[in-house]
Amino acid sequence: MIDIELIEECRGGNFNNFRKLVELTSPFAYSVAFRMLGKEDQAKDIVQETMVTIWQKLKKIKSAEGYKTWIYRIVVNKCYDEIRKRKRIPEFVTDEPAWRLISNKISEGPSAALEDSEISKIIGILTDKLSPKQKAVFILSDLEGISNDGVSEITGLSKSSVKANLYHARKSISEKIEKYL
Amino acid sequence: MAQENEKLDKVLNLLRKSSPLLDSSEDIEKEVIKRIKNIDYSGTVLAEAFDFMFGWIYIGWVRRCLVVASVALVLLFAYQQAIILRRIDYLSRQTVVSEKENTNTHADEMAKMLVVLRNAGRRFPSNSITISEKQMKELLESVNELQLKYKDLENLIESDPELKKMIQKKLMENNRTKINL
């Protein structure tokens, strides 16, 4: 659990406390980065860069709740930059094995779990037609379970824009699922 | 539709349950601490000052308002330019008489010039004729000359009683106030 006391202790320049902060922050930062980018190395780089940014701007943090939103915002913005660097997103090609994997996992029932590479494949084929904003809104809202208000604060979009992006993302994914599953 | 939603829910649940796992959080911690220690803080004060001055650009609604304001200014500029061009075009079609001697002309002479111009306007429909400044000057000079000749003639008639009588007789015969010379 991240609390404001830990953040305040970090402000004093204590590396041990900051290690603890990194330990607590890295998992959810990595989760969003990996789901957005689908590549382990890039996601780890984003987490590292995010933690360095946090260290440099610790003074600006006012509350533990605000801290989490802030982390998400930094991660999402860095992911946008990374997506922009990938000049052209490859054309969508029906990925038979990935759809077969989804089908098998769903038939396994509630006990089914996915490995990281499988998560990457599935999110990749489901979201390859979405814009970076739609993808971010979908991941934050539907996969990370953040409220629309929170997503709005993280992405800088208005609430209505968040709803619209989420609607389009779900519609696109639903159409694919209907077509291939 | 319900079946479609059911499939979507199943896929989303599968993805929600399977959060990407960060297997080497210690490596990230070490790397982050290493990078923090190597940070050159010389530019930090400058960066903070920059953030303080231009930090508002990260606020969504401020950015949007500025965009709207800039668009409005561009439109206003274009509108004013259009008005100015229309004015210039209108003025360039007008006949300009701005000679020094004309500005010093006696009121009577000005009135006569206006009569001449008005007559010219009646004879030629608007926009069907263009008169240069030189031509206008020549026209005014000829009117003045004619006027002088007329006065001379009047003086001549007044000074010679015989001639005056003869002209009056002629006028009486023709029942006219003017005579063709």
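**Group meeting: a predicted two-chain helical model**

Let me begin with a helix pair in chain A. The axes of helix α8 (residues 148-155) of chain A and helix α9 (residues 159-180) of chain A come within 9 Å, crossing at roughly 105°. That angle makes α8(A) roughly perpendicular to α9(A). From α8(A), the contact draws on A:Asn148, A:Asp149, A:Val151, A:Ser152 and A:Thr155, and from α9(A) on A:Lys159, A:Val162 and A:Lys163. By class, the residues of this contact are two nonpolar, three polar and three charged.

I should state at once that this is a predicted model. Its scores are ipTM 0.83 and pTM 0.60.

I turn now to chain A as a whole. Chain A has nine helices and zero strands. Of the 181 residues in chain A, 35% are buried. Taking the contacts in chain A between residues at least 6 apart in sequence, 61% join residues at least 24 apart. The average pLDDT of chain A is 86, and 95% of the residues score at least 70. Among the elements of chain A, the lowest mean pLDDT, 78, belongs to helix α1 (residues 4-11) of chain A, and the highest, 94, to helix α7 (residues 132-143) of chain A.

One helix of chain A deserves a separate word. Helix α6 (residues 116-127) of chain A consists of twelve residues, and from its first C-alpha to its last it reaches 16 Å, close to the 16 Å expected at 1.5 Å a residue. Which residues of α6(A) are buried? They are A:Ile119, A:Ser120, A:Ile122, A:Ile123, A:Ile125, A:Leu126 and A:Thr127. As background, an α-helix has 3.6 residues a turn, so residues three or four places apart point the same way.

Chain B is next. The secondary structure of chain B comprises eight helices and zero strands. Buried residues account for 6% of the 181 residues in chain B. Helix α7 (residues 133-159) of chain B illustrates this part of the picture. With 27 residues, at 1.5 Å a residue, α7(B) should span 39 Å, and its end C-alpha atoms are indeed 39 Å apart, which agrees. Of those 27 residues of α7(B), the number buried is one, so the helix lies largely in the open.

Confidence in chain B requires some attention. The mean pLDDT of chain B is 79, with 73% of its residues reaching 70 or more. In chain B, confidence is highest in helix α4 (residues 60-92) of chain B, at a mean of 92, and lowest in helix α5 (residues 100-103) of chain B, at 48. Over residues 99-104 of chain B the pLDDT is below 50, and beyond near neighbours in sequence this stretch has two contacts in the model. Where pLDDT is low, the predicted coordinates should not be read in detail.

Finally, the interface. How many residues does each chain bring to the contact? Chain A brings 34 residues and chain B brings 24 residues. On the side of chain B that touches chain A, α1 (2-17) and α2 (25-37) of chain B each supply at least two residues. The most is given by α1(B), with ten residues. The residues on that side of chain B divide into twelve nonpolar, four polar and eight charged.

To close, I would set two points side by side: in chain A, 35% of the residues are buried, and in chain B, 6% are buried. Thank you for your attention.

Notes:
Residues numbered from 1 in each chain as written. Chains lettered and ligands numbered in written order. Predicted model: local features only at pLDDT ≥ 70, side-chain atom pairs only at ≥ 80, totals over all residues. Contact = placed C-beta atoms within 7 Å. Helix = DSSP H or I, 4+ residues; strand = E, 2+ residues; numbered from the N terminus. Nonpolar A, V, L, I, M, F, W, Y, C, P; charged D, E, K, R; others polar. Axes fitted to C-alpha atoms, helices over the stretch in contact; angles between N-to-C directions. Parallel < 35°, antiparallel > 145°, perpendicular 65-115°, else oblique. Buried ≥ 20, exposed ≤ 12 C-beta atoms within 10 Å, placed from the backbone. Expected span 1.5 Å × (residues − 1). pLDDT = per-residue confidence, 0-100.
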